[in-house]
Amino acid sequence: MRLEPKPAPSLTGTIAYPIGAIAATLVLASLLVLVAGASPFNVFALVAVGAAGSQFAVLETLTRATPLIFTGLAVAVAFRAKLWNIGAEAQLYAGAVVTVALGTGAVQMPSVLLIPLIVASAVAVGALLLLGPALLKMRFGVDEVVTTLLLNFIVLLFVSMLLEGILKDPMGLGWPQSQRIIAEAQLPRLVEGMRLHFGFFIALVASVLVWVVMTHTSLGYEMRAVGHSPQAARFAGIPINRVLAKTALLSGGLAALAGFSEVAGLNGNLTLDLSPGFGYTGIAVAMLALLNPLGVVAAAIFVAGIFVGADAMSRSADVPSYIADVIVATALLTMVTAIMLSRYRIRWR
Amino acid sequence: MDALDILFTASFWVAAIRIASPLIFATMGELICQRAGVLNLGIEGIMVAGAFAGWFAVYAGADLWTGVAMAAAAGAFFGLVHGTLTVPLGLSQHVVGIGTTLLATSLTYFAYRVLLPGAATPPKIEAFQPFAIPLLSHIPIAGPALFNQTPLTYLAFVLVALVAWVLYRTPLGLALRAVGENPAAVEAQGISVTAMRMGAVIIGSALMAIGGAFLTMSAFDSFFFEMVNGRGWICIALVVFGSWRPGKALIGAILFAAFDAYQIRLQQLTGGTIPYQLFLMMPYVLSIVALVLVSRRASYPAALMVPYQKGER
C-alpha cells in the first residue's frame, strides 16, 4: 500500500473522519463497559448527565477544563513548531510553586499588584524550565522528548522536597502541603458558592491571544514554517533557533499558568496531587483540537466532561473511572489517524 | 561503614544487577525499534502492561514462564498498535508513542480494577526465586551478583548476546540495521521495509513488556500502580547512551543501576541529613547528563523517525 496526498481535502472528509474517530472511540469504550459487566447505554447516559446534566455538573466540567486549556495551549504552540514539549506537567508544578512561594504572605501588596506579580513570575519560571531542554536540543542535539519527560520526575521530587522543607505548612499535621495563600493572592469565584473561578476566564483570554499570535503575527508564521520544514525555513532565512526559543518560552509559560490557576483559583495551597496528569492530558487536548488554539477550549471542555462524567458514573455504576483515561488515549490515537486519512488516500497495490 | 566500602559488598552488586535486569530487557526492545527507524515512546506504558499481564496470569493459575509469555503477548499487542499507526500509516512517532503509553497504562489500570474489584492490598504471587549456579556463585562479590540471580536476569544477559549476534552476524540483522539507515536501498533489495519495521516494533515491544514483568514476577511479587515510574524513559536515554549498540547499552544499564543501588545505600548512611528526594532525583539527572555527554557525538540511525513510503525518495 502507499499513501497519496489528496489534491484538495474534501469538506465531507474533513468532517466525516473526526466523527468516525469519535465513533471508533465509543465502540472501544462500549466493549470495555461490557467487559466490566454494565450496559453501555446506561453508562454513557450516566457520563453525560454527570458531565452536563445540571448547573453544578456544567460548572464542574468547566472548572476541570481550566488547567487543560492552559496545558493544551502549551502543547499546541510547541507542537506547531515541532518542539515536542512533553514536560507540561513539570512546568505546571513550577507555576504552582511560584504561586505559593509569593502568595503565602512573604510579599504583602493589594491584589491588583500581587496577582500580576505572581503571574509574571510563574510564567517566567515555567518558560525557563522549557528553555533548558530547548537549548540542549539546539546546542547538543539532545532529544527534547526525553529531557522534558525526565524533568517531570525531577520537578515533582523537587516539589516534594520543598513541601517537606521550606514550603511545609507547620500546621499541616505532618502532611506534605504548603500553607494556604493569602486572600490577596486568590482569584475570585465566577459563580457564588461554586468552584468555577476566574482562572477559566484567563484561560479563555489566553486562548484568544495565542490564536492571534499563531495566525496574525510573524512569530506564528515562523513557528509554523519551522514546524513544517526546518530546511525550508532555514532557506527562507528564518532564525530557527530563535523561533524555537520563543516557542519554548511561550509554551512553558502557558503550562505554568495552569499551576498558578489551580492554586490561586481552586485549591488555595500546593499538594503533590495538584495535577492528576494535566500535562499529559494536554497532549490529547491539543491533538483533538488539531493544534488550533481556539479548538483547544472546545477540546478541553470535551475531555474535562469525560473525566467529570466518568467520576460521577463510576460512583453509581460499577465501572472503574479509569475508563475516562482510556477514552482520552483512544481519542488521541483515532484523531491523529483521522487527520491523516482526511489528507491522504490509501492506495493498495 | 564508609561510603566507598559499599562498592565492595556483594549485596550492593546483587542489587545493582537486579535493578539493571528490567532495564536491560526494555533497552534491548527499544534498541531494536530504533535500529529499524522507529522511536517507540510507548515503552513506559508497554512496561506497565507487561508488569500486569505477567503477574495476573500467574495469579490466575498459570506457571511463571507462561506468565512471561503472556507479558510478551501484551507487549506485542501494543507494539502492533504502535507499529500500525507509525509504519504503514506514517503518523508522528512522538504523538503515537505518547498515545500508546497513555492507552496501555490506562487500559492496564482499568483491567486491574475490573479483574480484582475488591482487592484492598494487591495480592501476592509466588515469584521467580534466585537460582544459584553451582561453583560460580561462590566467587567473592561477582559470584552472588552474577550467578545467584533469578532466571529472568540470566535471560536478560543471554538476550543481549542474542541481539548483538543477530544484529551483526546474520542477514536479518544486516537488513534491520539497513532499514534504519537507508530504507530505500533495502526496498531495492526486494525486502519489505514495512514488514521489517513492523516486526521490529512488535518484537521490541514484547521485550519491553518482559522488562515490566520482571518488576512484578522477579523483583517484587505483586502489582502496584506507578511501579514502572519512569523506567521506560530511562531506557530511551540508555539506548542513546549506548550509541545503539547492545553491549554498550548493557554497560550503561549496569552503571545506571549501580548508581541507583548506591544512592539507596548512601541515603541510609547519611540517615536523613540530606533530603531523600535529592537521592531519588539523581537517576533522572544522571540520564540527562548522559544524554548531553553522548548526544554531541551520537550517530542516530539516519532514518530514525522518518516514515518510509514505497517508491518515494
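Start by selecting the place where the two chains meet: 44 residues of chain A are in contact with 47 residues of chain B. Keep in mind as you go that this is a predicted model.

**Stop 1: the interface**

Show a surface on both chains. Between chain A and chain B about 4,100 Å² is buried, and carbon and sulfur atoms give 81% of that area. Now pick out Leu150(A), Tyr322(A) and Leu333(A) as sticks. Together they supply 16% of the area that chain A buries against chain B, more than any other three residues.

Which elements of chain A should you colour next, if you want those that give two or more residues to the side that touches chain B? Go for strand S1 (2-5), then the helices: H1 (11-35), H5 (111-140), H6 (144-164), H11 (278-288) and H13 (323-343), all in chain A. Linger on H6(A), as this helix gives the most to the side of chain A that touches chain B, with 13 residues.

Try colouring that side of chain A by residue class. You'll get 35 nonpolar, five polar and four charged residues.

**Stop 2: polar links across the interface**

How many salt bridges are there between chain A and chain B? The count is zero. Polar contacts do turn up, though: five residue pairs make them between chain A and chain B, counting pairs with both residues at pLDDT 80 or more.

**Stop 3: a salt bridge inside chain A**

Over all chains, the count comes to four salt bridges. To see one of them, select Arg195(A) and Glu60(A), whose side chains meet at 2.8 Å, N to O. Trace the chain away from each partner and you'll find that this pair links distant parts of it, 135 residues apart. Arg195(A) sits in the loop between H6 and helix H7 (198-216) of chain A, while Glu60(A) belongs to helix H3 (residues 55-80) of chain A.

**Stop 4: the cavity**

Last, look for enclosed space. There is one cavity of 30 Å³ or more, and the largest cavity holds about 40 Å³ of space. To find the spot, select Asp143(A) and Val146(A) from chain A, along with Gln34(B), Leu39(B), Ile236(B), Val240(B), Tyr300(B), Leu304(B) and Met305(B) from chain B; these residues line the largest cavity. Colour the lining by class and it splits into seven nonpolar, one polar and one charged residues.

Notes
Residues numbered from 1 in each chain as written. Chains lettered and ligands numbered in written order. Predicted model: local features only at pLDDT ≥ 70, side-chain atom pairs only at ≥ 80, totals over all residues. Heavy atoms only, no water. Contact = heavy atoms within 4.5 Å. Buried area = accessible area lost by both parts, 1.4 Å probe. Polar contact = N/O pair within 3.5 Å; in protein donor to acceptor, adjacent residues only side chain to side chain. Helix = DSSP H or I, 4+ residues; strand = E, 2+ residues; numbered from the N terminus. Nonpolar A, V, L, I, M, F, W, Y, C, P; charged D, E, K, R; others polar. 1 Å grid on protein atoms, 1.4 Å probe; cavity = no way out; pocket = protein on both sides within 12 Å on 5 of 7 lines; lining within 4 Å. Points joined across faces, edges and corners; volume = space filled by probe spheres on them.
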